[in-house]
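Biologist: Please take me closely through the place where the end of the chain meets its beginning, and then go on from there to whatever else in the model bears on strand pairing, charged pairs and cysteines.

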Amino acid sequence: MFIRGRPITMYIPSNIQNYEELRMEPPTERLELDWVYGYRGRDCRANLYLLPSGEVVYFIACVVVLYHIDARTQRHYLKHTDCVRCLAVHPDQVRVATGQTSGVDKDGKPLQPFVMIWDSGTLVTLQQIGLGFFERGVSSVAFSQIDSGAFLCVIDDSNEHMMSVWDWAKGVKQAEIKSTNEAVFGLEFNPADSGNIITCGKSHVFFWTWSGGALTKKQGIFGKYRKPKFIQCFVFNGNGDVLTGDSEGNILTWGKSAADIKTLGKGAKETYQIVRQTKAHEGSIFTLCLLQGGALLSGGGKDRKVVRWSADLAPEIEVEIPEQFGAVRTIAEVKGEELLIGTTRNAILRGSFSDGFVPIVQGHVDELWGLATHPFDNVFLSCGHDKQVCLWSGSQHSLEWSTTLEETGLCADFHPNGRVVGVGLNTGRWVVLDIETKDIVSDYTDGNEQLSVVRYSPDGSYLAVGSHDNFIYIYTVAENGRRYTRFGRCTGHSSFITHLDWSKESKFIMSNSGDYEILYWDVKGGCKLLRNRFDSKDREWASYTCVLGFHVIGVWLEGSDGTDINALCRSHNERVVAVADDFCKVHLFQYPCPKPKAPSHRYDGHGSHVTNVRFTHNDSHLISMGGKDTSILQWRVVRVGLDRSRSVSSASTSSVETGSCG
């Protein structure tokens, strides 16, 4: 095969007699999304709501999650094609509107953003609006209130932040206007008057009038009050006033004043003016939430406090969120005194002022790369640019523990005994952690460049460490994975190591590099490069994660540039291979997959390059990891239709691409 014009030589194994006659089939296995780990709180607002069904609705990557906080079950809305950015719940508390960013296709061309309106009970899409109208993405959506939610207001991510009002059931735009060149953080209809809309953001709060198919705005005047750099959030209180929270830590009360008919004439509208300033937080106020009883909650950024205020803005009680969870991003009322809090470090907390708060959803906060599944338990480990190493329970759908390292974690692998796990970092350092205590039991450094792969031999006697300095470092392993001795170094690659696998008898290694080389090594014989690659064509590999090799030729698209596939993983039963690509997709191919243009099942859900995939120990699930979207998706592996033999079938099949979402 050729990648970027470079020929890559691979030899056909002896057990394949008629290569030209082989026909590739899509696998009989399918993937179904089972669980989504994470929440997007770091850079999105007003994206956490509790529905009457007992489910909390939020999003991460391309998935809108409906998580039942008592039953601890998830359902997923999967009709978005790129990252979801905003969310609004209809007054009926059933229908939901979600807006997404534009994204790009596999050729780098921008796709069109849109808003989906859907039924949270049935997950049926009711309407798609704005395709071809919005630019870059949708940053805010809001339903009208008093008219049974007939209208939807949308602000896009274009330079002018185009604001539009839609009769969403008909999909018809009623009005549009350029709102501002500054960032917009909040958007709501007045609950008592759909002709009145408010937006806020950097250096502004705008009071809009929607009348006769036109939108007109009045800027909020701060007068004697210091104008804050950001107005982060606002709510309407019970008597019709507007309360804004800003970057100065103040709650400003905007009351209606009579229309200035003398100056402006008969058609003049009443206006909002500041009638009170209340110092609420040290640093920014990120969210305001009006409780059913009329009390107000404010959530702080710098001080991480949630404060409850009486209806006349007298402080009643406060609580500080633990630093590990970050600042308060958004608040939702549950029942009684119980609250849900979304945080800037991508956690959702549940609790009350009296009992404190515990996390019910947690996730990473930066780009993810390292992933390892346990050799015999339903747990897996993740690490990334946030320097967090996290151990997750795939059966309990929960975070078992997390620990913070001094450097970025890029790769990981469990020792076959399951008691320790090796983690490779971006500095050439690698550490071994005890998975019970989280303690570092070994700590070594090889070179000063980032590590891309750590892999234990199947018998647990060796550890191979692949580095960006072009070398593979080999260590012998003793004392149940707690003691390591340098055994040798594999020298011969002319570019950085990307992937490697051990042979089943723990003697040989197959490795890939950044310049698309496939090399084979005799480790037990002294880390020698095997120059006659023909001799390795029938070797059996304990794992298959190398993206280049005869058995996975078919996973590469025509014209691939060599970096389009970030990771792949063969199932333990050697029936299928999962692929993580640069276009936000997870693919499932049959294994072996030795012919170009092989058909696959394709799955959406991630909103950025998929950086890693791994099957669980019994192949019941596949774990996939997004890069910049910080999400971890757990897929159930489902067998469909008739069994097929493990050899490659000779039946002819056209290319098949099926996905969870279109």
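Modeller: A good place to enter is W35, which stands opposite Q634 in β54. The model you are looking at is a predicted one, and in it strand β3 (residues 29-37) pairs with strand β54 (residues 632-639) in the antiparallel sense, over eight bridges. β54 is also joined to strand β53 (residues 621-626) by five bridges, and these two strands likewise run antiparallel. Within that second pairing, M625 stands opposite I632 in β54. β53 and β54 form a hairpin with five residues between the strands, where T630 takes a positive phi near 60°.

How far this part can be trusted is a matter of confidence. The mean pLDDT of the protein chain is 92, and 93% of its residues reach 70 or more. Over residues 642-662, however, pLDDT stays under 50, although the model has 52 contacts for this stretch beyond four places in sequence. Where pLDDT is low, predicted coordinates should not be read in detail.

Two further sheets can be set beside this region. One is an open sheet of four strands in the order β36-β37-β38-β39, with antiparallel pairing. Its edges are β36 (409-414) and β39 (440-445), and because each of them has a single partner strand, one side of each is left without a neighbour in the sheet. Neighbouring strands of this sheet are turned by 20° against each other on average, with direction ignored. Between β36 and strand β37 (residues 420-425) there are five bridges, and the two run antiparallel; F414 has V421 in β37 as its bridge partner.

The other is again an open sheet of four strands, with the order β44-β45-β46-β47 and antiparallel pairing. Here β44 (497-502) and β47 (528-529) stand at the edges, each with a single partner strand, so one side of each has no neighbour in the sheet. β44 is joined to strand β45 (residues 508-513) by five bridges, in antiparallel fashion, and D501 stands opposite M510 in β45.

Turning from backbone to side chains, the structure holds 30 salt bridges. Among them is the one between E320 and R304, whose closest N and O atoms are 2.7 Å apart. This pair links distant parts of the chain, with E320 in strand β27 (residues 315-320) and R304 in the loop between β25 (296-300) and β26 (305-309), 16 residues apart. The two partners fall into separate accessibility classes, since E320 is partly exposed with a relative accessible area of 47%, whereas R304, at 16% relative accessibility, counts as buried.

In another salt bridge, the side chains of R570 and E574 meet at 3.7 Å, N to O, and both R570 and E574 are buried. K585 and D604 also form a salt bridge, with their closest N and O atoms 3.0 Å apart. This pair, too, links distant parts of the chain: K585 is in the loop between β49 (576-581) and β50 (586-590), while D604 is in the loop between β51 (601-603) and β52 (610-615), 19 residues away. K585 counts as buried at 17% relative accessibility, and D604 does so at 8%. Beyond such pairs, salt bridges that share partners join E406, E407, R429 and D443 into one network.

The cysteines remain. Because a disulfide is taken here as a pair of cysteine sulfur atoms within 2.5 Å, the separations can be set directly against that cut-off, and the count comes to zero disulfides. C390 is in no disulfide, and the nearest cysteine sulfur, that of C383, is 9.0 Å away. C390 is buried, with a relative accessible area of 5%. C569 is also in no disulfide, and for C569 the nearest cysteine sulfur, that of C546, is 12 Å away. With 6% relative accessibility, C569 counts as buried.

To return to your starting point, β54 is paired with β3 over eight bridges and with β53 through five, while residues 642-662 have pLDDT under 50.

Terms used
Residues numbered from 1 in each chain as written. Predicted model: local features only at pLDDT ≥ 70, side-chain atom pairs only at ≥ 80, totals over all residues. Heavy atoms only, no water. Buried < 20%, exposed > 50% of the residue type's maximum accessible area, 1.4 Å probe, protein only. pLDDT = per-residue confidence, 0-100. Contact = heavy atoms within 4.5 Å. Pairing = 2+ DSSP bridges. Axes fitted to C-alpha atoms, helices over the stretch in contact; angles between N-to-C directions. Salt bridge = Lys/Arg side-chain N within 4 Å of Asp/Glu carboxyl O.
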